[in-house]
Amino acid sequence: MSSARKKKQLEEEVQKLKKKSYNKKCFGCVGGVSTYVVPNLWIFVCDKVAGLMREVGFKANGIAMTSWTKEDVENIKAGGNKNGRKQWLKGFDLENLPKEDNTEGIRSFIKEVFVDKKYERKGKPSRRSRTRSNQKSTMETKAKLSAPTTAVTSAPAGPSFMVEFDEEEVIPQEEQEPQSNMPVMDDAKDAGKQEEEIKKPALVAPEMPDQLSSPNPIDSLFEASGGGGG
């Protein structure tokens with residue numbers, strides 16, 4: 001079945017539901033003809049009531065202007081004005097229903113019934129409503145169970161390491177030993193080497209000949225020649 005044909009068929013089903021005696025007349029006034037459906041409440045209302053319900057936040061879908069779904073049609077079948085009166089007008093005298101031309105009366109009715117919920121029936125919904133709700137819940141549960149699940153695995157955690165650091169002791173400045181200019185011996189080898197160098201004999205400079213005590217060669221020549229003449 002084509003999409004257009006299916007849409008037309010669903011609209012025809014809503015029109016058939018509207019023609020039922022309890023849905024023909026507007027839920028919220030006397031004299032109004034049903035042309036809209038209020039989703040979530042699933043009741044039939046006239047143009048005027050639809051506009052006034054929008055004032056307080058309700059939606060109202062025109063029967064001939066809406067693309068209905070199969071679920072919408074099932075909800076309307078489970079709802080409608082007959083079941084709506086049982087749910088929302090318990091203890092309300094229908095003789096007090098406002099007339100179509102009584103705008104303020106309709107506003108007050110909408111506030112008392114749907115905003116303040118003054119006449120709402122407390123307790124469990126009707127058997128038919130429970131059946132629809134249970135069917136929907138069962139279908140949703142089956143869809144969730146049949147949906148493929150993807151296993152999510154996490155990578156194994158690697159080994160953890162903890163590195164501990166020794167805290168460096170801080171010595172106050174006044175307690176620190178004064179530093180020496182002497183080289184610091186790093187190990188015993190350097191100490192032994194230094195000790196060995198200390199034990200070596202000191203080098204003695206050779207004695208220089210006394211030049212003043214050696215004979216002068218010029219004086220020797222004079223003595224040999226018997227010079228000096230006298």
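**Cores and salt bridges in a predicted model**

Apart from its neighbours within four places in sequence, Phe-114 is in contact with Phe-27, Leu-41, Ile-43, Met-53, Phe-58 and Trp-88. The model that shows these contacts is a predicted one, and Phe-114 offers a convenient place to begin reading it.

Phe-114 belongs to the largest nonpolar core, which has 24 residues. Within this core, the members that touch the most others are Phe-27, Val-45, Val-49, Met-53, Phe-109, Ile-110 and Phe-114. Several elements contribute to the core: the strands β1 (36-38) and β2 (43-45), together with the helices α3 (47-55) and α6 (103-115), each supply at least two of its residues. The largest share, five residues, comes from α6. Apart from this core lies another, of ten residues, including Leu-10, Val-14, Val-37 and Val-73. In soluble globular proteins, nonpolar side chains tend to be buried together.

The charged side chains add a second aspect to the picture. The count of salt bridges comes to five. One of them joins Glu-55 to Arg-107, with the closest N and O atoms 2.9 Å apart. Because Glu-55 lies in helix α3 and Arg-107 in helix α6, this pair ties together parts that are 52 residues apart in sequence. Both of these helices also supply residues to the largest nonpolar core. Glu-55 and Arg-107 do not stand alone, for salt bridges that share partners join Glu-55, Glu-104 and Arg-107 into one network. Arg-107 has a relative accessible area of 33%, so this residue counts as partly exposed.

Another salt bridge links distant parts of the chain. Lys-77 pairs with Glu-13, and their closest N and O atoms are 3.7 Å apart. Lys-77 is in helix α4 (residues 70-78), while Glu-13 is in helix α1 (residues 3-18), and 64 residues separate the two. How exposed are the partners, Lys-77 and Glu-13? Lys-77 has a relative accessibility of 29% and therefore counts as partly exposed. Glu-13, with a relative accessible area of 25%, is likewise partly exposed.

A further salt bridge is formed where the side chains of Glu-120 and Lys-122 meet, at 3.7 Å from N to O. Lys-122 reaches 62% relative accessibility and so counts as exposed.

Notes
Residues numbered from 1 in each chain as written. Predicted model: local features only at pLDDT ≥ 70, side-chain atom pairs only at ≥ 80, totals over all residues. Heavy atoms only, no water. Core = buried A, V, L, I, M, F, W, Y, C linked by side-chain atoms within 4.5 Å. Buried < 20%, exposed > 50% of the residue type's maximum accessible area, 1.4 Å probe, protein only. Helix = DSSP H or I, 4+ residues; strand = E, 2+ residues; numbered from the N terminus. Contact = heavy atoms within 4.5 Å. Salt bridge = Lys/Arg side-chain N within 4 Å of Asp/Glu carboxyl O.
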